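Reader: Hi, can we go through this structure together? I'd like to start with the inside and then look at the rings.

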Amino acid sequence: MLFKEYKANISSGNHSLANMGLADYKGIIGTAASTASFILLLSPSILCLKIWKNKSSKNVPFPPLMEAMARSILMFQQGLVMGVWPIVVTHSIGLLLNLCYLTIYLTFTKDKAEAQKCMLRWSTILVPLTAYTLYEDKSLLEARFATIVTAVTISLMLYHLYAVKYVIASKSTKDLPFPIIVSALCVTFLWTLYGIAINKVALQVQTGFAFCVCAFELSLFAVYPSKPTSGSEQKSGETSDSKKES
């Protein structure tokens, strides 16, 4: 497998940045990555406080909250499989926080059916993967499970890139969450460094790809303004009118 071959190259001294001294700071990097992740995990609390205050989840989408929970579940499992305890600790906290967020949302939402459908869709992925970690050969589990998690992570990041279509169409970044993107950029950068320091290729690929996506999204703020120009608004209106006519 690709991961095994890459690990063999690393262990033989090829392509290893960890041997250049980064491994000596893995404790510091891991602590920094965990702390940054914890701060990012707190970001949905703003929405949940709004839901609690208004006693309603109106205009607050459920799928991103469920996706955050799914990510924590997958990364928690991967941390256990790899024996990477900063990941385990970080996402055990993430599981508790996301459980609180989901509970608040489900308590006040009027559209419980849609939320339950979203949870059911994710369960069709998470339950089999959890079962897989219990029954797979332990000597093969780390490489294979990491490959699966990497595929899921890359798929999710590519899905989020779909929003770029609307940024280009409107010539505006008003719908992109600048603080979240900046925070995610820092978090993924730190976890990529940590993956290099501890010599875990899967972690490098997952967080490195996410870092590239965040960097690309952040670069859009240098190209497009946060508010659409009058010309782009008119063009957007004409596009929507033509769609209605058709």
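**Core and rings**

Author: Sure. This is a predicted model. Its largest nonpolar core has 41 residues. Those with the most contacts inside it are Phe62, Met66, Tyr105, Trp122, Trp191, Tyr194 and Leu203.

Reader: Which helices each supply at least two residues of this core?

Author: Helices H2 (26–41), H3 (44–54), H4 (63–82), H5 (85–108), H6 (112–135), H7 (138–160), H9 (178–197) and H10 (201–223).

Reader: What is Trp122 in contact with, leaving aside its neighbours within four places in sequence?

Author: Met66, Glu67, Ala70 and Leu156. Another core lies apart from the largest one. That other core has six residues, including Leu176, Ile181, Leu220 and Tyr224.

Reader: New topic. How many aromatic pairs does a search of the whole structure find?

Author: Six. One of them is Trp52 with Phe108. Their centres are 5.7 Å apart, with 75° between the planes, and the pair is edge-to-face.

Reader: Where do those two sit?

Author: Trp52 is in helix H3 and Phe108 in helix H5. They are 56 residues apart, so the pair links distant parts of the chain.

Reader: Is Phe108 buried or exposed?

Author: Buried, because its relative accessible area is 17%, and the cut-off is under 20%.

Reader: And why is the pair of Phe189 and Phe211 called tilted?

Author: The planes are at 45°, so the pair counts as tilted. The ring centres are 5.8 Å apart. Phe189 lies in helix H9 and Phe211 in helix H10. The pair ties together parts 22 residues apart in sequence.

Reader: What about accessibility for Phe189 and Phe211?

Author: Phe189 is partly exposed at 40%. Phe211 is partly exposed too, at 28%.

Key
Residues numbered from 1 in each chain as written. Predicted model: local features only at pLDDT ≥ 70, side-chain atom pairs only at ≥ 80, totals over all residues. Heavy atoms only, no water. Core = buried A, V, L, I, M, F, W, Y, C linked by side-chain atoms within 4.5 Å. Buried < 20%, exposed > 50% of the residue type's maximum accessible area, 1.4 Å probe, protein only. Helix = DSSP H or I, 4+ residues; strand = E, 2+ residues; numbered from the N terminus. Contact = heavy atoms within 4.5 Å. Phe/Tyr/Trp six-rings, centres within 6.5 Å; stacked < 30°, edge-to-face > 60°.
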